[in-house]
Amino acid sequence: MSKRAAVALVATAMAVALTACGSGGGSKDAAGGGGSGKLTVGFSQVGAESNWRTANTKSVQDAAKKAGVTLKFSDAQQKQENQIKAIRSFIQQKVDVIAFSPVVESGWDTVLKEAKDAKIPVVLTDRAVDSKDESLYATFLGSDFVEEGKKAGDWLVKEYQGKTDQVNIVELQGTTGSAPANDRKSGFGDVVKADPKFKVVASQTGDFTRAKGKEVMQAFLKSQPKIDVLYAHNDDMALGAIQAIEEAGKTPGKDIKIISVDGVKDAFTAMAAGKINVVVECNPLLGDQLMELVKKVKAGESVERRIKTVEGVFTQDQAAAALPSRQY
Ligand code: AHR
């Protein structure tokens, strides 16, 4: 096997395998730890689909190290079946707590019941599940995605206040069936439906990735004679779409106004350059809060059922000033 192939094989194995990381130095006792006195958390991450996700993974891994928590990390590569396998593996390994960010909302009851039967508490982070049985997880830490969609809609309503012409909107949805895609769509839709001049003329998934965002935007540009606004459910798709718009000879931010969600550095750079009009923030830096929660949950302390992240909205006039202090 060539050296290059061997390196690729090791990299792939590392991405799929459950790896212990974030074990921190020393043998400091973490609250509620198992036999060694150290807490072990199994964390099933969605994937590495976006800059937001990369920042979220880093935040969780860094926080685990800082908190002296052994983190068993598994990358699901945007596939629910991989997450279910990872959770079952965590149960077999008898981790202290399972934390996960569910790729889609539905289909979790069976595996969550298995965790409950094994008496392993589950903490949801970033994304929610639609289980009716709330005893299947201890708490949910993350953004209010419906609110994010509403903020996007509110900006649009204000932007077109007093105008009467029809506003044609194309929408790049996140991963089909995921909480942020469902909620950002419904939150936005609820606001804009109040005014009939707003018309969503095309809406399709771009899977939260730059490549798919570009591809779908190219298709929109071909099929839609007039596009006034792009609403992208995340920055990566918006950034991909910007490439498509520029390649089509149009000016992003002017010919087509762009609303995006997340607030990663690349989006702020694009916004400072006038290519994105507004970014609704979604904070990925959940690691420290997550570590606090898993320790409390393991120790049997009471925690709030729902912990919402505090987030803002940024417009072009704020972008350049905010850019240097963006942490992700
Ligand atoms: O669940 C959060 C979303 O997932 C972020 O908005 C997106 O960028 C990510 O892939």
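This is a short tour of the structure, one selection at a time.

**Before you start**

The model is predicted, so local features need pLDDT of at least 70 and side-chain atom pairs count only at pLDDT 80 or more, while totals for chains, interfaces and linings use all residues. Residues are numbered from 1 along each chain as its sequence is written, and side-chain values use heavy atoms, with hydrogens and water left out.

**Stop 1: the ligand**

Select the ligand. Now add its shell: Glu49, Ser50, Trp52, Arg53, Asp126, Arg127, Phe145, Pro180, Arg184, Phe208, Asn234 and Asp262. A residue belongs here if one of its heavy atoms lies within 4 Å of the molecule.

Colour the shell by type. You get 4 nonpolar, 2 polar and 6 charged residues. In this scheme Ala, Val, Leu, Ile, Met, Phe, Trp, Tyr, Cys and Pro are nonpolar, Asp, Glu, Lys and Arg are charged, and the others, Gly among them, are polar.

Which helices each supply at least two residues of the shell? Select helix H2 (51-67) and helix H6 (179-192). Helices (H or I, at least four residues) and strands (E, at least two) are DSSP runs, numbered from the N terminus.

**Stop 2: contacts with the ligand**

Show side chains for three shell residues. A polar side-chain atom of aspartate 126 sits 2.8 Å from a ligand oxygen. Arginine 127 also places a polar side-chain atom 2.8 Å from an oxygen of the ligand. For asparagine 234, the distance from a polar side-chain atom to a ligand oxygen is 2.9 Å. How much of the ligand does the protein bury? Alone, the ligand exposes 280 Å², and the protein buries 100% of that. These areas come from the Shrake-Rupley method with a 1.4 Å probe.

Hide the ligand and look at the space it takes. That space is the largest cavity. A cavity here is a set of points, on a 1 Å grid over the protein atoms alone, where a 1.4 Å probe fits but cannot get out.

**Stop 3: two residues with positive phi**

Keep aspartate 126 selected. It lies in the loop between strand S5 (122-125) and strand S6 (139-142). Its phi is near 75°, a positive value in a residue other than glycine. Most residues other than glycine have a negative phi. Buried or exposed? Aspartate 126 counts as buried because its relative accessibility is 3%, and buried means under 20%, exposed over 50%, partly exposed in between (1.4 Å probe, protein chains only).

Next, select phenylalanine 208. Find it in the loop between strand S8 (198-205) and helix H7 (210-223). Phenylalanine 208 is not a glycine, yet its phi is positive, about 65°. It is buried, with a relative accessible area of 3%.

**Stop 4: along helix H6 and strand S8**

Go back to helix H6 and pick glycine 189. This glycine is partly exposed, at 24% relative accessible area. Measure from glycine 189 to valine 146: 43 residues apart in sequence, 9.9 Å apart in space, C-alpha to C-alpha.

Move to lysine 199 in strand S8. Lysine 199 is partly exposed at 43%.

**Stop 5: two last selections**

Select isoleucine 258 in strand S10 (residues 257-262). Isoleucine 258 is buried, with a relative accessible area of 0%. From its C-alpha to that of methionine 271 is 9.3 Å.

Finish at lysine 79, in the loop between strand S3 (70-75) and helix H3 (80-92). Lysine 79 is partly exposed, at 41%.

How values were computed: A polar contact is a pair of N or O atoms within 3.5 Å; within protein, one must be able to donate a hydrogen and the other to accept it, and residues adjacent in sequence count only if both atoms are side-chain atoms. On a 1 Å grid over the protein atoms alone, a cavity is a set of points where a 1.4 Å probe fits but cannot get out, and a pocket is an open set with protein on both sides within 12 Å along at least five of seven lines; lining residues have an atom within 4 Å of a point. A molecule sits in a cavity or pocket if more than half of its atoms lie within 2 Å of its grid points.
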